[in-house]
Amino acid sequence: MLFISSYDFYVLLTEIYLLFTACALLIYGVLLNTSKSRGTPIVDHNIGGFFSLILIIGIWLTLYSNAPYITSWNSLLVHDFLSFGTKNVILTTSLLWSLTIFSYNKIEKINFYEYWIISMLAIVAMIFISCSYDFLSMYLAIEFQSIAFYILASFKRTSEFSTEAGLKYFILGAFSSALLLLGISLLYGFTGLTNFGDLSKIFLGISIENCISIKIILFSIILIEVALLFKISAAPFHMWSPDVYEGAPTNVTSFFGILPKLALISLIFRILFLSCSEIITQLNFTLIICAVLSMLVGTFGALAQTKWKRFIAYSTISHVGFILAGFSTLEFSGAFSALFYILIYTLTSLATFSILLSFRCLSYPSTHQLRYLADINNLVKINPMFSSSLILVLFSMAGIPPFPGFFAKAFVLLSLLQEQLIGLAIIAILLSCISCFYYIRLIQVIYFSHTKTVLIFSPIEKEKAIILSLTIMLLLIIGLKINLISNFVYCMLFL
Amino acid sequence: MITQLYCENYTFFLFLIGVLGIFLNQKSIIIIIMSLEIMFLSVSFNFIFFSIYLDNIIGQLFALAILTVAASESSIGLAILVVYYRIRNTITIELMTLTKG
């Protein structure tokens, strides 16, 4: 085999396993779902259970694969500690997420088992995004993930909200993919390279005066950056995210909110700090502008919201603003703070969505998902333990010590001050004070609200309770001993 | 004489036609999907012209990959459009305001 070695297949062991089991699950689902002798059973819950088991074995495979630190498939994919760590975090988080949304399909009577198969494919795509080392593999992985998400967003076919959200997401996502492609084509045309490592070498000695085509290369990198910022819903490209978060069914919204940002932000880290590290100093202003706009839009947008999912979408935008502020320092301390922030954000959003999915209000004869923010008034009288866990999660998102959200924001601010970006630091502090208000307003609604009416909630389910308690314990432990996560992030940056 | 600059201009204007098709559209969503396809096509042309100019094969491989992905993406888009149409019985844009913003 001249161009493929056996290393190429060994490092992709987990992905091959997950793809194979996705196909096997699909065949199993189809055969079982259409067999008249068994009474055409609904296999959705069954395949959901298989999903969790498959992920457990997938995590075991990645953790114990002694893969060398190489690039594989003719330098299309790279396997260093950043991709290894991101892979493990994505798989673990998706296992916990799958336990959280296990019974959502059954309660809401969406009886399509393909949900789990498309989610499995989306997880494989996210792993490929975090592994990619060439624009070709990056584009294919991003498209793979995006197409899976378009289908998932419009999954509840009988709901107008869901189909409209899927359509909007499709249009804006395909538009951003076309922009990404234009950027890659221009970069390819003027450098002749698509590999991240080769690009880092060609940009090494580049200076403005010598090169005529530097402007077009800068323009192409701006286009690629814009497209990737579209995908992580940074302002001013955030338009799709509140609508899609609100329209999609809540299990899909939790998938959007928790998982893809980690893969995309590790990809942005690779592009900005590995391949474009020399040339990005000319484009610092784009990252700073996007960070400021994201924080502004996220904070003031979330202030005005009355519905849960749009609120979470806008607070996500403000968190992404902090992460971009960390990246805009163009130093490794800033990149460390950004990666640390996204890991803490993944944990808190897992907790948030496990709380949100347990808000089921009684609307006879079945329950419906809570929609409005103000409907959780007097939650303390219904379930005091649950409301105290909601308080802990909100404190972590607001950035109050000793929760890890505070340390995440503190690291970003410290790295900003170190790089003399003092204006950005002042804006970040002011806006996070304002964002603290709308998190604490929720606590006021839960504990000290004056209305006498209260909605009847169905009790929290066992899996969600386990995941919620696990994540909150992790938050408290990490808040006390930051070493656990910061060592991990340092290894991801430098290995 | 067809120079490289001429090819680059052509593809860029084709991309611009696609972008304007999305933003100046007041009629229906099919126009948007067609404009997206025009954008993908123009980028494929860009890759192929650059590949000929640079004498590098990666551009043509990329164009082949774009072709595959654009085909699957438009099929997904049309499937979502069909599902949307079944509920709403219309595909004009003015009524896509259920979720504002």
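**Surface, burial and salt bridges in a predicted model**

Chain A of this predicted model exposes about 18400 Å², and carbon and sulfur atoms supply 71% of that area.

Trainee: What makes chain A as compact as a globular protein of that length?

Mentor: Chain A has 22 helices and four strands. Its radius of gyration is 22 Å, close to the 23 Å that the globule rule gives for 495 residues, so chain A counts as compact in that sense.

Trainee: Why is A:Glu164 called buried?

Mentor: Buried means under 20% relative accessible area. A:Glu164 has 1%, so the word applies.

Trainee: And B:Arg88, why is that residue called partly exposed?

Mentor: Its relative accessibility is 21%. Partly exposed lies between the 20% and 50% limits, so B:Arg88 belongs there.

Trainee: How do you know that A:Glu164 and B:Arg88 meet in a salt bridge?

Mentor: The rule asks for a side-chain nitrogen of Lys or Arg within 4 Å of a carboxyl oxygen of Asp or Glu. Here the N to O distance is 3.9 Å, so the pair passes. A:Glu164 lies in helix 8 of chain A and B:Arg88 in helix 3 of chain B, so the pair joins two chains.

Trainee: What makes A:Lys307 and A:Glu246 a tie between parts of the chain?

Mentor: They form a salt bridge, with the closest N and O atoms 2.9 Å apart. A:Lys307 lies in the loop between helix 14 and helix 15, and A:Glu246 in helix 11, so the pair ties together parts 61 residues apart in sequence.

Trainee: Which network includes these residues?

Mentor: A network of salt bridges links A:Glu164, B:Arg88, A:Lys307 and A:Glu246, with A:Asp243 and A:Arg310 among the other members.

Key: Residues are numbered from 1 along each chain as its sequence is written. Chains are lettered from A and ligands numbered from 1 in the order in which they are written. This is a predicted model: local features need pLDDT of at least 70, side-chain atom pairs count only at pLDDT 80 or more; totals for chains, interfaces and linings use all residues. Side-chain values use heavy atoms; hydrogens and water are left out. The radius of gyration is taken over C-alpha atoms; the globule rule is 2.2 Å times the number of residues to the power 0.38. Accessible areas come from the Shrake-Rupley method with a 1.4 Å probe; for residues, only the protein chains shown count as cover. Buried means under 20% relative accessible area, exposed over 50%, partly exposed in between (1.4 Å probe, protein chains only).
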